[in-house]
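Hi,

Here is the structure I promised to pass on. Have a look at it first, and my notes on what turned up follow below.

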Amino acid sequence: MRKKVGIIACSGEELLGGTLSRAAARIVVEKLRSQETIILCAPLFAAGGLERHGGQEERNFAKEHPTITIEGCEEECAKIAVDKYSGPPAATIYIQKYIDAHPELKSISRESLGEEGMKLAEIIAEDIAKKVDELFIRK
Amino acid sequence: MSKQKVYIIPCSGIGKVFGSIGRESAYIVVNELKKEKSALECLPLIVKGKKKVIDTLKLNKVIAIDGCPLKCSYNNLMENVGKVDAKFMTTDIVKENRDLRPESSIMPIGEHTKKLAKKLAEKVAQKVDDLLKPNEEGELE
Ligand code: SF4
Ligand code: SF4
């Protein structure tokens with residue numbers, strides 16, 4: 001089976017960082033590394049008892065494949081969930097680092113990133129794509 | 001006691017457009033339709049078990065919006081908060097509006113998807129009023 005990297009964005013609904021994490025993840029899986037990556041819904045990884053409802057498939061996937069988590073803020077929700085149920089992610093991306101590094105690119109809001117916000121999401125996505133490549137080389 | 005709010009918790013669906021409908025409708029409710037009465041929280045933060053957030057949700061009303069039968073929002077809320085006051089499935093609004101087939105695009109979402117989100121938001125907004133009704137009356141002197 002061809003190796004894939006699981007991309008798990010926290011995708012937090014309340015904060016701008018969550019929206020950026022989601023946008024960056026989509027750019028990676030849709031445009032930059034569509035053959036090498038697969039996107040997984042973050043909440044599927046956590047909560048005891050999810051076995052009763054489904055989601056085990058995703059957890060198993062993440063156990064057997066390298067994962068990259070994307071965190072919208074310092075709470076590290078995606079990393080903590082993946083770590084707990086599927087083992088440590090191969091890499092973690094922190095959105096705040098990019099917001100700080102690019103003060104010129106101002107996102108409009110958590111609901112709509114706007115042109116500059118999307119540019120920032122693309123920069124983040126490029127870095128994630130590089131990490132994906134590294135994981136492929138490493139194997 | 002400060003007035004109760006209704007927390008709208010959409011699932012964090014990211015793989016398909018059904019998650020986007022839920023998130024978009026939640027934004028419409030908290031930003032436009034029921035600005036003063038509702039609020040959002042990150043579902044993954046609840047899943048993580050953040051105490052402050054969970055305590056707040058216990059003291060307020062909670063609506064789950066899910067994008068697929070795995071019902072991440074509903075199940076995780078039940079697991080961590082111990083209650084859900086109302087729940088919605090985005091797939092139901094799609095079924096009820098066969099003429100508005102949601103586009104597959106997630107970023108940006110399409111026109112049909114936006115319309116579906118608006119329709120769902122209206123239902124959720126109605127539920128917000130219903131959930132707060134006895135409380136508001138109780139506070140009247
Ligand atoms: S990491 Fe931050 S933005 Fe992302 S889901 Fe958690 S609390 Fe929300
Ligand atoms: S309910 Fe379905 S679409 Fe929503 S986060 Fe869970 S798996 Fe994803």
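Let me start in chain B, at the end of a helix: α4(B) is followed by B:Gly82, which has a positive phi, near 90°. Keep in mind throughout that this is a predicted model. The helix itself, α4 of chain B, covers residues 72-80, and its buried residues include B:Cys72, B:Ser73 and B:Asn75. B:Asn76 and B:Leu77 are buried in α4(B) as well.

B:Cys72 from that helix turns up again at a ligand, being one of the residues around ligand 2. Ligand 2 sits between chains A and B. Chain A contributes A:Cys41, A:Pro43 and A:Leu44 to its surroundings. From chain B come B:Cys11, B:Ser12, B:Gly13, B:Asp66, B:Gly67, B:Cys68, B:Leu70, B:Lys71 and the B:Cys72 just mentioned. Sorted by class, that shell has 7 nonpolar, 3 polar and 2 charged residues.

Now for the other ligand. Around ligand 1 you will find A:Cys10, A:Gly12, A:Leu15, A:Gly18, A:Gly72, A:Cys73, A:Glu75, A:Glu76 and A:Cys77, together with B:Cys42, B:Pro44 and B:Leu45. Since chains A and B both supply residues around ligand 1, the site is shared between chains. Its shell splits into 7 nonpolar, 3 polar and 2 charged residues.

Chain A also has a sheet worth a look. This one is open, with 4 strands in the order β2-β1-β3-β4 and parallel pairing. At its edges are β2 and β4 (91-94) of chain A, each pairing on one side only. On average, neighbouring strands of the sheet are turned by 25° against each other, ignoring direction. Strand β3 of chain A (residues 67-71) runs parallel to β4(A), and 4 bridges join the two. In one of these pairings, A:Ile70 has A:Ile93 in β4(A) as its bridge partner.

On the edge strand β2 of chain A (residues 37-39) is A:Thr37. Is A:Thr37 buried or exposed? With a relative accessible area of 5%, A:Thr37 falls under the 20% cut-off, so A:Thr37 is buried. Its side chain reaches the backbone oxygen of A:Arg33 at 2.7 Å. Leaving aside residues up to four places away in sequence, A:Thr37 touches A:Lys4, A:Val5, A:Ile7, A:Val28, A:Val29 and A:Val132.

That's the lot from me. Shout if anything is unclear.

Cheers

Terms used:
Residues are numbered from 1 along each chain as its sequence is written. Chains are lettered from A and ligands numbered from 1 in the order in which they are written. This is a predicted model: local features need pLDDT of at least 70, side-chain atom pairs count only at pLDDT 80 or more; totals for chains, interfaces and linings use all residues. Side-chain values use heavy atoms; hydrogens and water are left out. A residue is near a molecule or strand if one of its heavy atoms lies within 4 Å of it. Ala, Val, Leu, Ile, Met, Phe, Trp, Tyr, Cys and Pro count as nonpolar, Asp, Glu, Lys and Arg as charged, and the others, Gly among them, as polar. Buried means under 20% relative accessible area, exposed over 50%, partly exposed in between (1.4 Å probe, protein chains only). A polar contact is a pair of N or O atoms within 3.5 Å; within protein, one must be able to donate a hydrogen and the other to accept it, and residues adjacent in sequence count only if both atoms are side-chain atoms. Contact means heavy atoms within 4.5 Å. Two strands pair if DSSP finds at least two bridges between them. Axes are lines fitted to C-alpha atoms, for helices over the stretch in contact, and angles run from 0 to 180 degrees between N-to-C directions.
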